[in-house]
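Visitor: I'd like to learn how to read a protein model. Could you walk me through one?

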Amino acid sequence: MIRNIPNKYTQKMLLECIDETHKGEYDFVYLRMDFKNHCNVGYAFINFIDVNAVVSFVEKRVGRKWGRFNSDKICHISYANIQGKAALIEKFRNSSVMEKDPSYRPKIFHSSGPSKGLEEEFPNSQASSVCSGRG
């Protein structure tokens, strides 16, 4: 998780910031939002494709101030309970956040191949198998 993100940052701003040094090195990002106040709550989930990207992100970003809004907040990271692109997709695919404005939803990106780093469509929610009672 990326922590201590200034509340005025949008997901687009966060992605631009990460892409300055780590474009194509992650495959999942979700900036948690306060939907009522239309600002973020200060942290984001990110899945880096490999451990070297995590190390590089720590070296280049962690412990430094964010670049916008003259914020005094310092970038930090922490380990999240849910790890890996597939597990994160599973967690969020049926979440109510998927009904919100697309700019508030988690984003996934291709992890390899010629499309590496390009956004991919988030899988549809899984329909629950409920019996209709009709036979």
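Visitor: Leaving aside neighbours within four places in sequence, which residues is Tyr 9 in contact with?

Guide: Keep in mind that this is a predicted model. Contact here means heavy atoms within 4.5 Å. By that test, Tyr 9 is in contact with Leu 14, Leu 31, Asn 40, Trp 66, Gly 67, Arg 68 and Phe 69, once its neighbours within four places in sequence are set aside.

Visitor: Where is the place of Tyr 9 in the chain?

Guide: Look at the loop between strand 1 and helix 1, and you'll find Tyr 9 there.

Visitor: Does Tyr 9 count as buried or exposed?

Guide: The word buried is used for residues under 20% relative accessible area. Tyr 9 has 2% relative accessibility, so it counts as buried.

Visitor: What does the side chain of Tyr 9 reach at 3.3 Å?

Guide: That's the backbone nitrogen of Arg 68. The side chain of Tyr 9 also reaches the backbone nitrogen of Gly 67, at 3.4 Å.

Visitor: How many residues apart in sequence are Tyr 9 and Ala 86?

Guide: They are 77 residues apart in sequence, and in space their C-alpha atoms are 26 Å apart.

Visitor: Let's zoom out. How many helices and strands does the chain have?

Guide: Count three helices and six strands. Walk along the sequence and you meet them in the pattern β-α-β-β-α-β-α-β-β.

Visitor: What is the order of the strands in the sheet?

Guide: First, the general idea: strands of a sheet pair through backbone hydrogen bonds, either parallel or antiparallel. In this model the six strands form an open sheet with antiparallel pairing, in the order 4-1-3-2-5-6. Strand 4 (76-77) and strand 6 (119-120) are at the edges with a single partner strand each, so one side of each has no neighbour in the sheet.

Visitor: How many bridges are there between strand 5 and strand 6?

Guide: Two bridges, and strand 5 (residues 107-109) pairs with strand 6 in the antiparallel sense. Have a look at Ile 108, which stands opposite Glu 120 in strand 6.

Visitor: And the helices, which strands does helix 1 lie across?

Guide: Helix 1 (residues 11-22) lies across strand 1 (2-3), strand 2 (26-34), strand 3 (39-48) and strand 5, and it runs at about 150 degrees to strand 2. Helix 3 (residues 85-92) packs on the sheet too, touching strand 2, strand 3, strand 5 and strand 6. The direction of helix 3 makes about 35 degrees with that of strand 2.

Visitor: Which residues touch the most other members of the largest nonpolar core?

Guide: A nonpolar core is a set of buried nonpolar residues joined through side-chain atoms. The largest one has 21 residues, and Ile 2, Ile 5, Leu 14, Tyr 26 and Trp 66 touch the most other members. Helix 1 gives the largest share of this core, five residues. Another core of 13 residues lies apart from it, and its members include Met 1, Phe 92, Met 98 and Ile 108.

Visitor: What about Ile 2, what does it touch?

Guide: Not counting residues up to four places away in sequence, Ile 2 touches quite a list, including Ile 18, Tyr 43, Phe 57, Trp 66 and Ile 77.

Visitor: Which residues does UniProt list for "domain: RRM"?

Guide: The unreviewed UniProt entry lists residues 1-94. Over that stretch the chain is 32% helix and 24% strand, with the end C-alpha atoms 21 Å apart.

Visitor: Last one: what share of the chain do buried residues make up?

Guide: They make up 36% of the 135 residues in the chain.

Terms used. Residues are numbered from 1 along each chain as its sequence is written. This is a predicted model: local features need pLDDT of at least 70, side-chain atom pairs count only at pLDDT 80 or more; totals for chains, interfaces and linings use all residues. Side-chain values use heavy atoms; hydrogens and water are left out. Two strands pair if DSSP finds at least two bridges between them. Helices (H or I, at least four residues) and strands (E, at least two) are DSSP runs, numbered from the N terminus. Axes are lines fitted to C-alpha atoms, for helices over the stretch in contact, and angles run from 0 to 180 degrees between N-to-C directions. UniProt positions are given in the numbering used here, feature names are shortened, and annotations may be inferred rather than shown by experiment. A nonpolar core is a set of buried Ala, Val, Leu, Ile, Met, Phe, Trp, Tyr and Cys residues joined through side-chain atoms within 4.5 Å. Buried means under 20% relative accessible area, exposed over 50%, partly exposed in between (1.4 Å probe, protein chains only). A polar contact is a pair of N or O atoms within 3.5 Å; within protein, one must be able to donate a hydrogen and the other to accept it, and residues adjacent in sequence count only if both atoms are side-chain atoms.
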